[in-house]
Each structure stands twice: as structure tokens, then as C-alpha cells.
Amino acid sequence: MTIHMKDVSKRYTLPKGKELLVLEGIDLEIRHGDFVIILGQSGCGKSTLLNLLAGFQFPSTGNILINNKPICGPDPSIAFLFQRPSLLPWLTVEENVAFGCKIRGDTHKLAYRVTQFIEMVGLSGFEKVHPPKLSVGMAYRVSLARALIGHPQIFLLDEPLVSLDTFMRNRLQEELINIWLSEYFTAIFVTHDIDEAVLLGTKVVVLGGRPSRIRGIFDIQLPYPRKPTDESFFHTRTSLLKELKASFIENHFI
Amino acid sequence: MKSLMKYCVKYSKDIEISKEKTMTYQIGYAACGTALLILIWFLGGSYLFSQPGYEQFNGFLPIPTLKALFKLIVDIGFWSSVYASIKRVTLGIMIAFVLGLPFGLLTGFYKRLNLLTHTSVQFLRMISPISWMPIALLVFDSFESAICFLITIATIWPIILTIANGVSRVNVQWIKMAQNQGANDFQLLLFIILPASIPYILNSLRLAVGIAWIILVPAEFLGISSGLGYIINDARDTMEYDRLMAIVIAIGIIGFILDGVIQLVQLSLNWIWIEWD
Ligand SMILES: Nc1ncnc2c1ncn2[C@@H]1O[C@H](COP(=O)(O)OP(=O)(O)OP(=O)(O)O)[C@@H](O)[C@H]1O
Ligand SMILES: [Mg+2]
């Protein structure tokens, strides 16, 4: 699925008739299978951009086309992974994973698929456990399985790993890449961490300014698996940092 | 559903173990408080009823009352009144709940429906249920249904408002997640909103029981020939003041127990699910 964003802007209406222009003039084209990183400071409208793509909100001007069709609301083919795992605590792990499929009536071989996905995220043996008994990392894996079991075409991730410790984050980053390589979806991943961007993305989109615009789009052509200790990783990171700096100064934005 | 039950039971155990230690403390303090209340009753009553002209009301003092209370406990007439009263309360609350639950869920969920109905609900809520009594007596043939109507109309508003409030507090991410997974509004209500609001639903029932129990006695004053309100009136007419006071105390005790039962159910559920995500 290709995504076209054409001159998209998003304006929030605040109390007392004020308005807040968050995004402006966003032009972006994403090919199927890309791993796009949205990089930007806190409050620059990254979540807003994802919400537009997920159909939770609609652009104030411009339009977003997915396979040349405008988005008209949330759609299971566009999965969303939230900043927090947001599992349903009254359901077990396997019921949480199966939740969306049951809702959609997609129950063909469901039990088998659930087992498969729970295995994929490394939680075999925890099928009957309720979420409050899981660690944060495990809860993430469950929400990952829940988002992916419907084989989405586009996978939106809103700073999904920020609340994890370094070890857990590294492992989940690795696993995410492995899943992406095997499932072949388009990933759009929001972060404010440059290392994470270089580690995961094929394409980095930098947002910035008030209102936010796209300040630069960088391709990263490193092969996977990437290792932060590799020299090539280091070079790419350095050149990305330089380019970032350049484009920010050019735009009078720091 | 099965996992919901399992989940409740599992976590209730955790909660009980951690509270075990403070349990004796709590009971100790509660006992002291009760003793204090009885002491105040005794002193205040003794002073009041030793005034000239008030001697005949000696029956209101603790000791005659306690004696009468023991007599009540073995009195089958008393228990059949309790049964009649509890039956009315249960039926009234059940009707209020069956109507109020969907209404509360829907008004909490659809902001526009809430805007549309909010003023009316607030207005109706402020009408004393007892003031419906003459109308109820005109409309319904039997006292029984009139009282049931009164209890329903007294309890339906807090049920609606508490549940609607609970719905508006349901974790937004759960709702977004379900929408993202393709849930329609009906599925959202059934699979997310309803289970997530269970703590609030129980709370609304607890409120309803409290109100119904208060409304019941005045409602039963109005001519019916069974129930706790009736036997209070009866005791007054026959000037059995010790029995009268004993019934008053018994009403308090039964209400306390009813409230306690719901509280136990609430405790056995796990509250983490409001904050946890
Ligand atoms: N529903 C809303 N109504 C009004 N203003 C909003 C709304 N959502 C976001 N905003 C504002 O829009 C701006 C961008 O918010 P957004 O959440 O998209 O930023 P973000 O880049 O995701 O930030 P963070 O890194 O903190 O998650 C912020 O100033 C925020 O206050
Ligand atoms: Mg955000």
C-alpha cells in the first residue's frame, strides 16, 4: 500500500475560540514495505500525524491517500501500536491477542494463529495469564501480537518503546525488525531517538518548527541486521546528525 | 466471561492477604465507635426521659430496646415484614437497573445523547421520590406496584449518572485500540465499555440500595399492611415504644448488612483495572 500525503495541515480548535496549527504543508510519499521513522521534538505533532494516518482524526486541509483512496476512519488494515500497551486487563493474554479477530469475525483457525503469534513474540506458556501479572516488556509483546495477527498492511507505532529499559528496548527493536522483514508491511515509527532511527529505519522524516513542517527526509541504506557497534552504523549516524544540523540551521529552527 | 470471573477471584486473594493485618485494627476501632454511639444514646436518652412528662418514653432507652430486639428476632411476623420489604427493594432496584444500565452506558458513550438528556435527568433527580406517591397511588391499582414504582424512580437517577460517569472515564486507549481493530459502536459498548465500567456499575448499585432502603420506610407508611414501615407505624399506634425503637435499630442493621454485601462484592473485584493499562 502506498501512502500519499498532499499538503496536509492539522489545526486544533482550542477553548475560547483559539486555534493551534500543529502541522502544515506536509507532503510525503511512502512506498509499500518502507520502514519510515518520524523524528521530531516532543510536542511537534508526531502523534497527530499518526492519528491522521490511523483515521482517528482528519486533516484540516489537504488529503491523505492510501492506495489512491482517502482515509475515512479507523481500519484494521492500518494497525496502531500505542505508547502504552493498553491491554484489556479482564482478558487473558490469548484473548487479548484474539480480540480484534473476534471483533472482525475473522475466526478461521484462530486458536492456531493465536498460538503462532504468541510464540512469535516469545510468550509461549503465558497464554492464560492476565495482563496485570505481566512485566511491561511482556505486555508490549502481547500488544505487538495483537496488532499484527490481522496481517496489517500498514503498522503505525507511536514511540512504543520509550518506557522500557535499555536491554528490553534493544531486544524488542531487534524482534520488531525481524517481524517486519518476514511480514512485509509498511512501518511508520515515531521516535525522538536518533540511534533508534538509524537502527530501524529505511527512511527518516524529520519534523520541526511551529507549526511543524517536514525539515528533511533521509534514506538509510544499511543492510539489516544493523548493529550500533558497527563502523557503518557509526558513519551513518554521524552523517545523519550533520545533515540534521544543516537542515535545521537552514530553516532557522533549533 | 469465564476469564473475567477467574480474574476477579484470583486478585481478590491478593488483596485479602495484604489487608489481613489491619483487619483486627479496623474491627477494633469499629467496635469502639459503636460502643460510643450506644453510650451517647444511653446518656442522652436517660437525661431526656427523666424530665417530667417524658417518663412514658422509657422504652426508647438501650436496655428495653435491646430486650425488644431479642423478642423481634424470634418474631415470625417481623421476619415476614423484612422479607416483604427486601422483596420490594430488590424488585424496584432491578427495574431501575434494567432501565438505567443501558441508558447510562449510552449517555456516557454518546456525548450528544448526554447533552440532550442531561438537564432532564438532573431535574427529575431533584424531585423527592415521596412526592410521586399520590400520583403512584392514582396510577397503580395496588400498593405493591406503587411502592415498587417509587423505589424505581428513586434509584434510577443515581444508577444512570454513576454509570454514565464511569463510561466517560474508560481508558481512551482501549477505545481507540478497539476502533483500530475494526469494532463498531455496538461491539465497543459490549466488549470494552461494559466490562471496563463494572466497578462503577457496582458502585451505582450500592448507591441505589442505600437510597431505596431510606425511601422504603416512608413509602410503607402510606397504607400498606406489611413491611418494616408498616410495623413501625403499628408499634406506635399500640404505644410499644421499646418495640418501635427495636424496629428502627433493626432497619439500620439490615441496611448496613445489605450495603456490606455489595461492598464485599466490590472488594472481591480488583480495582487495578481502572488505573492499570
Ligand atoms: N486533541 C488535541 N486538542 C488540542 N491540542 C492538541 C490535541 N492533541 C495534541 N494537541 C497539541 O498539538 C501539539 C502536538 O501534539 P502531539 O501529541 O501530536 O505531539 P508529539 O510530537 O506526539 O509530542 P510527544 O513527543 O510529546 O508525544 C501539542 O502542542 C499538543 O498540545
Ligand atoms: Mg506523541
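A polar contact here is a pair of N or O atoms within 3.5 Å. I note that first, as my look at the ligand leans on it. I also note that this is a predicted model.

**Entry 1: the ligand**

I began with Tyr12(A). An N or O atom in its side chain is 3.3 Å from a nitrogen atom of ligand 1, and that is within the 3.5 Å cut-off. Next I checked the backbone. A polar backbone atom of Cys44(A) is 3.2 Å from an oxygen atom of ligand 1. For Lys46(A), I found a backbone N or O atom 2.9 Å from an oxygen atom of the ligand.

How much of ligand 1 does the protein bury? Taken alone the ligand exposes 630 Å², and the protein buries 63% of that.

Then I went through the shell. There are 13 residues around ligand 1, and the ones that come nearest are Ser42(A), Gly43(A), Lys46(A), Ser47(A) and Thr48(A). By kind, I get five nonpolar, six polar and two charged residues. Which elements give two or more residues to this shell? They are β2 and α1 of chain A. The largest share, three residues, is from α1(A).

**Entry 2: the sheet of four strands**

I followed β2(A) from the ligand into its sheet. Four strands make an open sheet here, in the order β2-β1-β4-β5 of chain A, with antiparallel pairing. The edges are β2 (19-30) and β5 (69-70), each paired on one side only.

A reminder to myself: strands of a sheet pair through backbone hydrogen bonds, either parallel or antiparallel.

I looked at β1(A) from both sides. Towards β2(A), eight bridges join the two antiparallel strands, and Met5(A) stands opposite Leu28(A) there. Their hairpin has five residues between the strands, and Lys16(A) in this hairpin takes a positive phi near 65°. Towards β4 (residues 61-66), β1 (residues 3-13) pairs in the antiparallel sense over five bridges. On that side His4(A) is opposite Leu65(A).

Where does α1 (residues 46-54) sit? The helix packs on this sheet and touches β1, β2 and β4 of chain A, its direction making about 115° with that of β1(A).

**Entry 3: the sheet of six strands**

I then turned to another open sheet in chain A. Six strands run in the order β6-β7-β8-β3-β9-β10, and the pairing is mixed. Why is one side of β6 (78-81) and of β10 (213-219) left without a neighbour in the sheet? Both stand at the edges and each has a single partner strand, so one side of each stays unpaired. I read an average turn of 20° between neighbouring strands, direction ignored.

At the β10(A) end, β9 (residues 203-208) and β10(A) pair in the antiparallel sense over six bridges. I picked out one pair there: Val204(A) has Phe218(A) as its bridge partner.

**Entry 4: helices on the six strands**

Back to α1(A), as I found it on this sheet too. It packs there with contacts to β3 (35-39), β6, β7 (154-158), β8 (186-191) and β9 of chain A, and its direction makes about 155° with that of β7(A). I also looked up α4 (residues 136-148) of chain A. This helix lies across β6 and β7, running at about 170° to β6(A).

My last jotting is on α1(A): the helix touches strands of the four-stranded sheet, touches strands of the six-stranded sheet, and gives three residues to the shell around ligand 1.

Note on methods. Residues numbered from 1 in each chain as written. Chains lettered and ligands numbered in written order. Predicted model: local features only at pLDDT ≥ 70, side-chain atom pairs only at ≥ 80, totals over all residues. Heavy atoms only, no water. Pairing = 2+ DSSP bridges. Contact = heavy atoms within 4.5 Å. Axes fitted to C-alpha atoms, helices over the stretch in contact; angles between N-to-C directions. Near = heavy atom within 4 Å. Polar contact = N/O pair within 3.5 Å; in protein donor to acceptor, adjacent residues only side chain to side chain. Areas by Shrake-Rupley, 256 points an atom, 1.4 Å probe, with all protein chains shown as cover. Nonpolar A, V, L, I, M, F, W, Y, C, P; charged D, E, K, R; others polar.
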